[in-house]
Amino acid sequence: MAELTRTTSRPQPVTQSLELNTGHTIPQIQLGVYLTEGQECHRAVRTALEVGYRGIDSAEWYCNEHQIGATLTEFLASSPLSRTDIFFTSKVQRNISYDDTRASIRQCIRLSQMGYVDLYMLHTPKGGREKRLECWRALEDAVESGEVRTIGVSNFGVEELRELLESKPRIGPAVNQLELHPFNTQSEVVQFCRDNNILVSAYSPFARGRRFDNPTIVELSEKYGCSGAQLLLRWSLQKGFVVLPKSVQPNRILSNVDVGWFEIGAEDMERLDGLDEGLTTASHQE
Ligand SMILES: NC(=O)c1ccc[n+]([C@@H]2O[C@H](COP(=O)([O-])OP(=O)(O)OC[C@H]3O[C@@H](n4cnc5c(N)ncnc54)[C@H](OP(=O)(O)O)[C@@H]3O)[C@@H](O)[C@H]2O)c1
């Protein structure tokens, strides 16, 4: 049922978690921190934690694992929350070798001082079949050694997912992180993930701001009394995706999680699905 106006001026942050095929849970909205560094990174992560985010999506490539870890540690030291209330994600930059992947995981834990990583992913399918499977074995071993809780992939298409599943891994992927928004719905790979119990995580949920002026986005935002960003986030949530909005601006960090007060109706969800144009705004290495 679509609520057209807010019933309260208090924020209604979405803090719910989804269950992974590992039995662990994952916060459905997490802060994206690509291109976020230094004091700006510290402020963004701190603000996010204060307004209710419990997950941070980092990567070796972002060069901010140390900064995220320092901010998380500082936050936890003065909070009733503990490490297990926080969900920390990172990703290996390139599929070079088993040893290189294990070293990246150890480096992530050392830099972040988080003790373990909640979700560690192959950032890209690049590198070819053998390297992908070799690096996946490193992720499996990192789960068995307790360095990582859950493992996943990013930017994997149906073929690469099928190849991984057919290799009879000891541990299957729990998450596939993809560029997803109404302008790029990737329906084939999303369906494959659903059929194989792999949770889908939506990155670049705002298409990096390139379609806020789309007439359907403008019309539906007015109808629901929300911002274009909030509309796009609701679309992702209602699809059942984890979603990773990035912002360094405190008011946006708050409004991006404050999306628990309305729901997009079924017909409008279909209209949004109809905007698919296969728009890609990110490269595979972000
Ligand atoms: N696995 C991968 O290969 C991959 C690739 C890309 C991204 N990611 C992950 O997904 C996260 C998000 O994706 P993204 O950073 O590419 O793009 P995005 O979240 O779609 O868009 C970020 C842009 O939107 C702006 N923005 C944020 N909130 C807004 C609001 N409420 N109203 C208007 N503009 C707003 C931000 O500016 P301000 O910061 O100034 O607010 C920034 O310019 C990344 O940070 C990263 O964690 C993963």
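**Views of the ligand and its chain**

**View 1. The ligand in its pocket.** Welcome to this predicted model, in which the largest pocket is the space that the ligand takes up. Around the ligand there are 28 residues, and those that come nearest are Asp57, Ser154, Ser204, Arg208 and Ser247.

**View 2. The make-up of the shell.** Here we look at the kinds of residue around the ligand. The shell holds 12 nonpolar residues, 10 polar ones and six charged ones.

**View 3. Polar atoms facing the ligand.** Start with Gln177, where an N or O atom of the side chain lies 2.8 Å from a nitrogen atom of the ligand. At Val248 the backbone takes part instead: one of its polar atoms is 3.0 Å from a ligand oxygen atom. His123 brings a polar side-chain atom to 3.3 Å from an oxygen atom of the ligand. As for cover, the ligand taken alone exposes 900 Å², and the protein buries 88% of that.

**View 4. The chain around it.** Stepping back, you can follow 10 helices and 10 strands along the chain. Along the principal axes, the C-alpha atoms fill a box of roughly 55 × 45 × 30 Å. The radius of gyration is 18 Å, which agrees with a compact globule, because one of 286 residues would have a value near 19 Å.

How values were computed: Residues numbered from 1 in each chain as written. Predicted model: local features only at pLDDT ≥ 70, side-chain atom pairs only at ≥ 80, totals over all residues. Heavy atoms only, no water. Near = heavy atom within 4 Å. Polar contact = N/O pair within 3.5 Å; in protein donor to acceptor, adjacent residues only side chain to side chain. Areas by Shrake-Rupley, 256 points an atom, 1.4 Å probe, with all protein chains shown as cover. 1 Å grid on protein atoms, 1.4 Å probe; cavity = no way out; pocket = protein on both sides within 12 Å on 5 of 7 lines; lining within 4 Å. Sits in = over half its atoms within 2 Å of the grid points. Nonpolar A, V, L, I, M, F, W, Y, C, P; charged D, E, K, R; others polar. Helix = DSSP H or I, 4+ residues; strand = E, 2+ residues; numbered from the N terminus. Rg over C-alpha atoms; globule rule 2.2 N^0.38 Å.
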